[in-house]
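Colleague: Got a minute to walk me through this one? I'd like to hear the reasoning behind the labels.

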Amino acid sequence: MPSFGETLVDPARLLEPVMDAAVNKRLADAALNAAKSAGASYADVRIGRYLNQGLFTREKQVQNIASTESFGAGVRVIANGTWGFAATNNVSEAGLAKAAQQAVQIAKANSKVQKEPVKLAPQKGYGEVSWKAPIQQNAFEVPIKDKVDLLLAANAKALENGASFVNSALFQVNEQKYFASTDGSYIDQDVHRIWPTFGVTVVDRASGKFRQRQALSAPMGLGYEYLTPKAQDKVAGPQGSDVVGYKNSYDMLEDAAAAARQAKQKITATSVTPGKYDLVLDPHHLGLTIHESVGHPLELDRVLGYEANYAGTSFATLEWKKQGKPYGSKVVNIQADKLQQGSLGAVGYDDEGVKTKQWMLIKEGQLVDYEKIRDQAHIVGQNESDGCCYSQSWQDVQFQRMPNVSLQPGKQKLSVDELVKNVDKGIYIAGNGSFSIDQQRYNFQFGGQVFYAIEKGKITGMLEDVAYQANTQEFWNSCAATCDESDYRFAGFFNDGKGQPSQSSAVSHGSATTRFNGVNVINTARKI
Amino acid sequence: MMLSKDEAQTILKKVMSFTTADECEANLNGTTRGNVRYARNTVSTAGNTDNVSLAVQCWFGKRSGVATCNQFDDATLRRCVQRAEEIARLAPEDPEYMPRLGPQQYLTAPSFAQSTAGITPDFRAKAAGDSIALCQEKKLTAAGYLEDGSSFAAIRNSKGLEAYQQFTNLDFSVTVRTPDGTGSGYAVADYTDIGKFDAQALTQRAATKAAASVAAKAIEPGKYTVILEPAALVSDEGLINRLVWAFDAREADEGRSFLSKKGGGTRTGEKMFDPRVSIYIDPTNPQAPGGTFDNEGLPVKKLPIIEKGVVKNLYYSRYWAQKSKAQPTGFTGNFVMEGGTQSIEELIKSTQKGILVTRLWYIRDVDPQSLLVTGLTRDGTFYIENGKIKHPIKNMRFNESPVIMLNNVEAVGRAQRLGGNLVPPLKIRDFTFTSLSDAI
């Protein structure tokens, strides 16, 4: 069953044009005028049509195909210096005007317990503008049969290579969004995302052991072209590792076959000896570590305490930043980015009508900036939003979300094999696995999909039961080297959760394979 | 939007009259929800949502299609049924197809309270205001969230199955911190009937923990006796939830579960836990009422999952039950863990050396083979010595399996409602902490 607000539809419905900029402008003006008449000093309206399709298979059969549509509008206002928000699926002039009036009512009611009035960074109106994700093939236009055939072919590859079970799925998203505000912006956007994925399980009945390996695909801000593999997008892991990473296209069949081989190998792999190791982390894995230990702690709403009751706060407070302590080693240059083509976070304008950009968060190991939106910029003495405001749908209020946060590749030429060559006692980890971090983002523990021992500069075999624990600052200060741009690629997440009620957003993290020295590795095998 | 049983079934009967499919099933769900969120001692966001949605599923043989709508005039309903039928005709055959259920008998659960259904924006604003005022007075900082809602679920199918249930709930949580960020406390509660809800009392509990957790000392990670409060056992991602949700029969039969037996089969009937551990499903529990049917209309009945430490029942989908010659299990997510008589204070009193844990956070699977999970303590962690809280301690990361944990039971306290479940505080020996965290 769909969640509320999402409606299951005939797949053909996903291709019907519904959003019309001229109609939306008229509707938006009705909302903005109603808000102003009711006493709002600022208002914005988001008319959104959110389309999703998910295909699910296991082994030789289709489990489910669900196409959903969610259409409605959310109106956000400032009245008496306080935010108010209301949403409606009655997308008519009357429906939007009513929502605007409700939003003003809520704002006025809450203004009684408001301490300081909301202060917005100035934002010029852009007039009527538009942005479209530069995709080559709309995944919704691809016949369902072709998509099912691809998933079943990947399952067949996994089964041929020794998988006991395989589940695969393809998720596709199209956000058709129209934003307007009393600043004079009317912004029409068309956003696409895609995520092919699978999980392979190998069961050894005799020993009672089972091992899994998940796909090494990245969810991307691309169309169906992501699923046409291109040789130039494949990046080999270190010699002896049987790992292939993927850039802007993904070979699902090749990865499914590798996953089955590797899951089988994991059954008999050596259980790791706990201790300090130099870690060589592939981008698919490192993306999650960046996400948790850099992306989240630098969200300004967390830093200020707005997420204290749920997601938590941050060690990287304004005071901590002033002290000038190093976040990482000199090798660590981390950029926030809402422009990178093919990334999940790329849009033309954010959900409060701010044109998107790139900016540095960490320069040569030093924290230089946070991730912020219009009502936060003044708190850190700035007068410009970073353009990273987002809402998961028309019916949820927009708030500060993580932009793409990426580790810049090394400027010197450095291949993965060259990186591994100098490691005396280490572990190469590919793929993201188990992840957990405290509410201020100090202490974390990460697993992975596959682990290989490195001894005297060479991969010597597969390991199992590996997880590493570290402190964010110690970890990033132990960063020794990162490979060059030829190894750079994205990891991504479709469902990053934050807020109450919780909202999810999609975000990418780019990096090249990177080495961290002397990290604490634990053995996770337990007998029950 | 709330519809009465008659209003809902009138719509559903019409749907059935419009279909020409071999089988048809329609689910009508409605909800009215409101929330208020605050932080830094001020309200940050508030909202209302109101929705009702009909999903119609039609079958031709083993092919099915679903369509939905949120308007209920005859023309819209007819279109919705026709669309479901069109999609069904084009769908692939489902090899796991099961025919619709016929009429069923359902238990009655006290899952709806008029007092909760009547909550207004002013009620929410007052709760937030009371919580903030208490913290301002004590020079502490509150961040909290209140969400309430009324909802209904109605089903009807072409084999004559008919089901309807109403629900209400209120969820409240608050984190109180000292202004310098050196102390943090937490309280959480949820209700079907808001009669006992007291935002100030809950905030007071969090405030006391915040003040008491200042100047925490580091202790060496390792194995400790712990008293885990219900909020450390049950949450969206909690230790006990994870255990209860992992009782799937198919995964166990397929050899990919901690309940799979070496060589094949499942561990049903084995004593895998301490004899004081009993967990069961019971939608009629007056303190933690739940859904009495699942979304296919399968009745949810009282069913032991673990009885006196023995694995009693796994969950069977209708398909897997038929294949395994077992009974299908209706399960809507909430459970009851049997408790004892001791309060948390009494559990502390009987502890020579140990750790009181208010809340566990960011719990994630590490190894599905052993159900090993990791996570951290948060918002109030205290060292106990000779039956008394000695001092606050710094937070720590744990790596532990709920299976191992429920073999190391020292004492079971009085069960409390949390997250729609009933769960007791537990005293556990040899709980494994693996590293220190600087987080407060």
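Modeller: Sure. Let's begin with handedness: a crossing counts as right-handed if the near helix is turned clockwise from the far one by less than a right angle, and as left-handed if anticlockwise. Keep in mind that this is a predicted model.

Colleague: Okay, so what is the handedness of the crossing where H1(B) passes H2(B)?

Modeller: H1(B) passes H2(B) in a right-handed crossing, so by that definition the near helix is turned clockwise from the far one.

Colleague: And why is H1(B) called oblique to H2(B)?

Modeller: Look at the angle. Helix H1 (residues 5-18) of chain B and helix H2 (residues 74-90) of chain B have axes that cross at roughly 55° and come within 9 Å. Roughly parallel needs under 35 degrees, and roughly perpendicular runs from 65 to 115. An angle of roughly 55° fits neither class, so H1(B) is oblique to H2(B).

Colleague: Which residues make the contact?

Modeller: From H1(B), B:Lys14, B:Val15 and B:Phe18; from H2(B), B:Asp74, B:Leu77, B:Arg78 and B:Val81. Sorted by class, that contact has 4 nonpolar, 3 charged and no polar residues.

Colleague: Let's zoom out. What makes chain A as compact as a globular protein of its length?

Modeller: First the parts: chain A holds 9 helices and 28 strands. The globule rule gives 24 Å for 528 residues, and chain A has a radius of gyration of 24 Å, so it is as compact as a globular protein of that length. Its C-alpha trace spans about 70 × 60 × 45 Å along the principal axes.

Colleague: How much of chain A is buried?

Modeller: 58% of its 528 residues. To be buried, a residue needs 20 or more other C-beta atoms within 10 Å of its own.

Colleague: How do you know that chain B is as compact as a globular protein of its length?

Modeller: Chain B has 11 helices and 19 strands. Its radius of gyration is 24 Å, close to the 22 Å that the globule rule gives for 440 residues, so the compactness is that of a globular protein of that length. Buried residues come to 53% of the 440 in chain B.

Colleague: Last one: how many residues of chain A are in contact with chain B?

Modeller: 53 residues of chain A, and they touch 75 residues of chain B. Strand E4 (residues 82-88) of chain A gives the most to chain A's side, with 4 residues. By class, that side has 27 nonpolar, 20 polar and 6 charged residues.

How values were computed. Residues numbered from 1 in each chain as written. Chains lettered and ligands numbered in written order. Predicted model: local features only at pLDDT ≥ 70, side-chain atom pairs only at ≥ 80, totals over all residues. Helix = DSSP H or I, 4+ residues; strand = E, 2+ residues; numbered from the N terminus. Rg over C-alpha atoms; globule rule 2.2 N^0.38 Å. Buried ≥ 20, exposed ≤ 12 C-beta atoms within 10 Å, placed from the backbone. Axes fitted to C-alpha atoms, helices over the stretch in contact; angles between N-to-C directions. Parallel < 35°, antiparallel > 145°, perpendicular 65-115°, else oblique. Contact = placed C-beta atoms within 7 Å. Nonpolar A, V, L, I, M, F, W, Y, C, P; charged D, E, K, R; others polar.
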